[in-house]
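Biologist: Before planning further work, I should like to go through this model with you. Could you take my questions one at a time?

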Amino acid sequence: MKKLKVLLCENIHPMAKENLESNGFDVELITYAPDEKELLEILPKYDAIGIRSKTKMTEKVVQNNKHLLTIGCFCIGTNQVNLEAAKKCGIPVFNAPHSNTRSVAELVIAEAISLARQIAQRSMYAHQGRWDKSALGSFEVRTKTIGIVGYGHIGSQVSVLAEAMGMKVIYFDVLKKLPLGNATQVGEMEELFRNSDFVTLHVPELPETKNMITKKELSQMKKGAYLINASRGSVVVIEDLKDSLESGHLGGCAIDVFPSEPASNKEEFSSPLQGVSNVILTPHIGGSTEEAQVNIGGEVSESVKRFLKAGSSSGSVNFPQVDLPVKGDSSRLLNIHRNEPGALSAINTIIADSGANIDGQYLSTDNEIGYLVVDVHASEAQKLESEIKKLEKSIRTRIVS
Ligand code: NAI
């Protein structure tokens, strides 16, 4: 079988190249994001592409490169890819949604301690030549209660770290979530606000979480409590937060995400919270660590490899999920077809008529496409591939092993 060629753009972490090369792929690295014109020129040479957020896989690029087997987004978001067009062409797209989970959780813990000890402020004073050695208003986090809103990947990691520092953990989630350690789920958000010394937000951006924290919720928080938001900027009404801080109700806050953020490091940042006392402002760096970049390189290259070598689409953002263990003595045939009446029976008729024995089969569908993985004896795979390929509803058929 020919060696598959993968193009990795935008300085993707070298660990991705290493992982793919050690699994038998030809990998080329470029440091920049090619524009549409260049993508149209160069992509015909490659079987798969890895990008970060700046390379735009537009409908035109995807449509003109239907031969691509997969697109790996070595980042969290996938807005830079026309996912619908990719799906229609039978191209699964992978990303790394949770590679930076621990990084965010660690930032939250650092911020909790910084707020309780006024570290940002004391440091600024020291830089300015002012010696403020007072213990007044500085606290340990041990024995304090942290209230976590959204007990998903990040929220539950914060829970583990906070408890290790001797904090009491309570959390609120719309779903019933298994508590880690001694954490306790509360039934109402208000109960969490009333009982927490620190409130930290870890919900996704949804219509229901937009403006979730307004002056009403802030007033339910304990006097002197701290708010941490490293989720999404739309969750907190910043003007209400500013009022609560300036009135002395809240003791401080740490904000990593904002309703409007600069598009690049070159743009200026402004926020109503600038200059407010005991407020830590960070430029959306919750997930920005070297470790997260390594994790992203490893996680996405692994997904790309698993798809190219075994047809596993598990974790793809635009494709039905299939993850069938590979059997050593079989050949694996993949078929992506339009999910229309008769598509599967036409494939099964071809297999039945050939007399081939099926060692394993798995079908997963969504409204538009069906993804079928079939394990057959190696001697039968090629003939089946060429017959199934000819079906009008087939989008792509290939043998992976
Ligand atoms: P996740 O999907 O694993 O967890 C979210 C949790 O929130 C789930 O348990 C869900 O049931 C819960 N939830 C949803 N709606 C809710 C509501 N109305 N009230 C209470 N709970 C609700 O998400 P993950 O990975 O933990 O990410 C959380 C947030 O962190 C996201 O908004 C994400 O965009 C943000 N994030 C920020 C980063 C940064 O650099 N600051 C980096 C990575 C993620």
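The exchange below treats the ligand and then the sheet.

Biologist: Which residues come nearest to the ligand?

Modeller: Please note that this is a predicted model. The ligand has 27 residues around it. Those that come nearest are His 153, Ile 154, Asp 173, Val 203 and Asp 256.

Biologist: How far from a nitrogen atom of the ligand does a polar side-chain atom of Asp 256 lie?

Modeller: Polar contacts are pairs of N or O atoms within 3.5 Å. A polar backbone atom of Ala 230 is 3.1 Å from a ligand nitrogen, and a backbone N or O atom of Gly 287 lies 3.0 Å from a ligand oxygen. For the side chain of Asp 256, the distance to a ligand nitrogen is 2.9 Å.

Biologist: What percentage of the accessible area of the ligand does the protein cover?

Modeller: On its own, the ligand has 880 Å² of accessible area. The shell around it comprises twelve nonpolar, eleven polar and four charged residues. The part of the ligand area covered by the protein is 84%.

Biologist: Which strands lie at the edges of the sheet?

Modeller: The open sheet has five strands with parallel pairing, in the order β2-β1-β3-β4-β5. An edge strand here pairs on one side only. The edge strands are β2 (26-29) and β5 (93-94).

Biologist: Which residue in β3 stands opposite Leu 7?

Modeller: Strands β1 (residues 5-8) and β3 (residues 48-51) run parallel and are joined by three bridges. The residue opposite Leu 7 is Ile 49.

How values were computed
Residues numbered from 1 in each chain as written. Predicted model: local features only at pLDDT ≥ 70, side-chain atom pairs only at ≥ 80, totals over all residues. Heavy atoms only, no water. Near = heavy atom within 4 Å. Polar contact = N/O pair within 3.5 Å; in protein donor to acceptor, adjacent residues only side chain to side chain. Areas by Shrake-Rupley, 256 points an atom, 1.4 Å probe, with all protein chains shown as cover. Nonpolar A, V, L, I, M, F, W, Y, C, P; charged D, E, K, R; others polar. Pairing = 2+ DSSP bridges. Helix = DSSP H or I, 4+ residues; strand = E, 2+ residues; numbered from the N terminus.
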